[in-house]
Amino acid sequence: MDRAGSSWFYVIPAAVALVAPAEAGATVYLTIAQAQQALFPGAQFVDHPLALSDAQRKAIAKAAGAPGYDKVQRAWEVRSGNRRAGWFFVDRVIGKHEFITYAVGLSPDGTVRGIEILDYRETYGGEIRNPKWRQQFVGKRPGAALKLDSDIRNISGATLSSRHVTDGVRRLLATYSMLLAGQ
């Protein structure tokens, strides 16, 4: 085999070595379907993506004091029989360097029912999955302060993850208030 052909034996392992560390910290805890059932057991989910205009994105970011990353907010109307049982959102925020994907369930009046962490890609800070920490959001309503170190406890070693998930939940409450309340 010529020298050019044998170089693949060196390039491929080197490429794998460069990719492997980035994947080592990625953990998928729940699928969307699993999170839906965790927050709304037995309910049906009607896909209701919210295509946000630039003006809506800016208004939501201003109201929440937190930017969004996507032009389409993933949302589902939650149905139980013939009635609306709430709303289910999947969102993402930056941790320290990587995205954290999480889900929020809202009651029909916009009150937080629960929060689940779906994907966590950071090396540190996975403590935000702690049920006690996530429980702090339950009962929060649109317009709630939701400030880290005030009404949401910070987690040492996970400050950025804690702050950004808190900001994200506040942004989802603003999204509900501005676009879905009263529907």
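A residue counts as buried here when its relative accessible area is under 20%, as exposed when that area is over 50%, and as partly exposed in between, using a 1.4 Å probe and protein chains only. With 0% relative accessibility, L146 falls in the buried group; more on this residue below. The structure is a predicted model, in which local features need a pLDDT of at least 70 and side-chain atom pairs count only at pLDDT 80 or more, while totals for chains, interfaces and linings use all residues. Residues are numbered from 1 along each chain as its sequence is written, and side-chain values use heavy atoms, with hydrogens and water left out.

Starting with the overall layout, the chain holds 6 helices and 7 strands; helices (H or I, at least four residues) and strands (E, at least two) are DSSP runs, numbered from the N terminus. Along the sequence they come in the order α-α-β-α-β-β-α-β-β-β-β-α-α. The chain has 183 residues, and 40% of them count as buried. Its accessible surface comes to about 10000 Å², with 55% of that belonging to carbon and sulfur atoms; the areas come from the Shrake-Rupley method with a 1.4 Å probe, and for residues only the protein chains shown count as cover. Taking a contact to mean heavy atoms within 4.5 Å, 58% of the contacts with a separation of 6 or more are between residues 24 or more positions apart.

How far to trust each part is the next point. The predictor's confidence in each residue, pLDDT, runs from 0 to 100. The chain averages 86, and 86% of the residues score at least 70. Among the elements, helix α3 (residues 32-39) has the highest mean pLDDT, 98, and helix α2 (residues 8-24) the lowest, 42. Over residues 6-24 the score stays under 50, and the model has 3 contacts beyond four places in sequence for that stretch. Where pLDDT is low, the predicted coordinates should not be read in detail.

Now to the inside. A nonpolar core is taken as a set of buried Ala, Val, Leu, Ile, Met, Phe, Trp, Tyr and Cys residues joined through side-chain atoms within 4.5 Å. The largest one has 32 residues, and I128 and V169 have the most contacts inside it. Two or more residues each come from α4 (54-64), β5 (83-94), β6 (99-106), β7 (112-120) and α6. Helix α6 gives the largest share, 7 residues. A second, separate core has 13 residues, including L30, A43, W76 and A103. In soluble globular proteins, nonpolar side chains tend to be buried together. Setting aside neighbours within four places in sequence, V169 touches Y102, V104, V112, I115, F137 and L146.

Helix α6 itself covers residues 159-180, and its 22 residues should span 32 Å at 1.5 Å a residue; the end C-alpha atoms are 31 Å apart, so the two agree. The expected span is 1.5 Å times one less than the number of residues. In the segment after α6 comes A181, which is partly exposed because its relative accessible area is 40%. A181 and D109 are 72 residues apart in sequence, yet their C-alpha atoms are 7.3 Å apart in space. G182 also follows α6 and has a positive phi, near 85 degrees.

Most residues other than glycine have a negative phi. Two non-glycine residues with a positive phi are L146, at about 45 degrees, and D149, at about 70 degrees. L146 sits in the loop between α5 (131-135) and α6, and D149 is found in the loop between α5 and α6 too. Their surroundings contrast: L146 is buried at 0% relative accessibility, whereas D149 is exposed at 56%.

Strand β5 contains D91, which is buried because its relative accessible area is 5%. The side chain of D91 has polar contacts, meaning pairs of N or O atoms within 3.5 Å; within protein, one atom must be able to donate a hydrogen and the other to accept it, and residues adjacent in sequence count only if both atoms are side-chain atoms. One such contact, of 2.6 Å, joins the side chains of D91 and Y102, and another, of 2.6 Å, links the D91 side chain to that of R171. Beyond its neighbours within four places in sequence, D91 is in contact with Q73, I100, T101, Y102, G168, R171 and L172.

Finally, G42 lies in the loop between α3 and β2 (44-47) and is exposed, with a relative accessible area of 60%. G42 and R79 are 37 residues apart in sequence and 9.4 Å apart in space, C-alpha to C-alpha.
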